[in-house]
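Thanks for coming. I have one structure to go through today, and I will keep to its strands and sheets.

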Amino acid sequence: MAPITTALFALSLSLSTLSLISAHGHVTGIVADGKWYSGWNGEMKYQNPLPLTAGWQADVLDNGFIAPTAFAAPDIICHKSAKNGNAYIPAKPGSKITFQWNTWPVSHKGPILDYLAPCNGDCTTVDKTKLLFTKFAEGAWKSGDNPGTWVTDDLVKNNISWTTTLPANLAPGNYVWRHEIIALHAAGSANGAQAYPQCVNFKIEGAGTQGLVGGTPATAFYTPSDPGILFNLYGAFKGYTIPGPALAKFVRRGVRGWVG
Ligand SMILES: [Cu+2]
């Protein structure tokens, strides 16, 4: 019987190692101007009625990800099977917003991207496939190679949180903020990158005058062969091309990105 016990022990060991490796992450909460708001957590789907969360209701019980072969399908917009968040976080232009992740493995190096889409109405009912996103903040590779130092290392050091500031003159209204990490630890192989998009509804107050024009549907952000998606972290490199649409600049009226 001893060999069987040993085999079972080895199996359970490898299973626990597996679950450790597959512990990726999701956003559990958001701090806006110092105030904490609960995000969406996968186990909330068992509650009736559903709790009020500005975080979109995605199937994130497994802390899972969207793979490159699915980058053109609706799950890339706000994560797996996402439904609209049913509340808002109030904020204003220039507000400091912190996304708190539950966990993030240091091996999961890659870009951190932030997008905003105006809902032109109610974000709790808007059709996600109609959302046009503008990228307004991004970070990725910092130095070194194989694998080098990345902004995700800062996220891990900073209590697994990421802070971004809302654009200084953003016009009031309802917006979906799409916060995303793309993990590159397996991205040297085709379909190996892992996208972790998280959507949160914001109600922007104040007297900003810069609205968003243009924008890109999230299903058109990335392709599996983009240089920042098919990328070998474990080799020599001197740079990294951040995937997705160009970062919005605060530009003159009529130019794609911002008007004001
Ligand atoms: Cu992972």
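Before I count anything: a helix here is a DSSP run of H or I with at least four residues, a strand is a run of E with at least two, and both are numbered from the N terminus. Keep in mind that this is a predicted model. By that definition the protein has 3 helices and 13 strands. It has 260 residues, and 37% of them count as buried. Taking contacts with a separation of 6 or more, 75% are between residues 24 or more positions apart.

Now the sheets. Strands of a sheet pair through backbone hydrogen bonds, either parallel or antiparallel.

One open sheet has 5 strands, in the order 3-11-10-5-6, and its pairing is mixed. Which strands stand at its edges? They are strand 3, residues 89-91, and strand 6, residues 134-139; each has a single partner strand, so one side of each has no neighbour in the sheet. From one strand to the next, the twist averages 30°. Inside that order, strand 5 (residues 112-118) and strand 10 (residues 173-183) are antiparallel, joined over 7 bridges. As an example, Tyr 115 has Arg 178 in strand 10 as its bridge partner.

Next, an open sheet of 4 strands, ordered 2-1-4-9, with antiparallel pairing. Here the edges are strand 2 (35-38) and strand 9 (161-165), each with a single partner strand, so again one side of each is left without a neighbour in the sheet. Neighbouring strands are turned by 25° against each other on average, direction ignored. Strand 1, residues 27-32, pairs with strand 2 over 4 bridges in the antiparallel sense. There, Ala 32 stands opposite Lys 35 of strand 2.

Technical notes:
Residues numbered from 1 in each chain as written. Predicted model: local features only at pLDDT ≥ 70, side-chain atom pairs only at ≥ 80, totals over all residues. Buried ≥ 20, exposed ≤ 12 C-beta atoms within 10 Å, placed from the backbone. Contact = placed C-beta atoms within 7 Å. Pairing = 2+ DSSP bridges. Axes fitted to C-alpha atoms, helices over the stretch in contact; angles between N-to-C directions.
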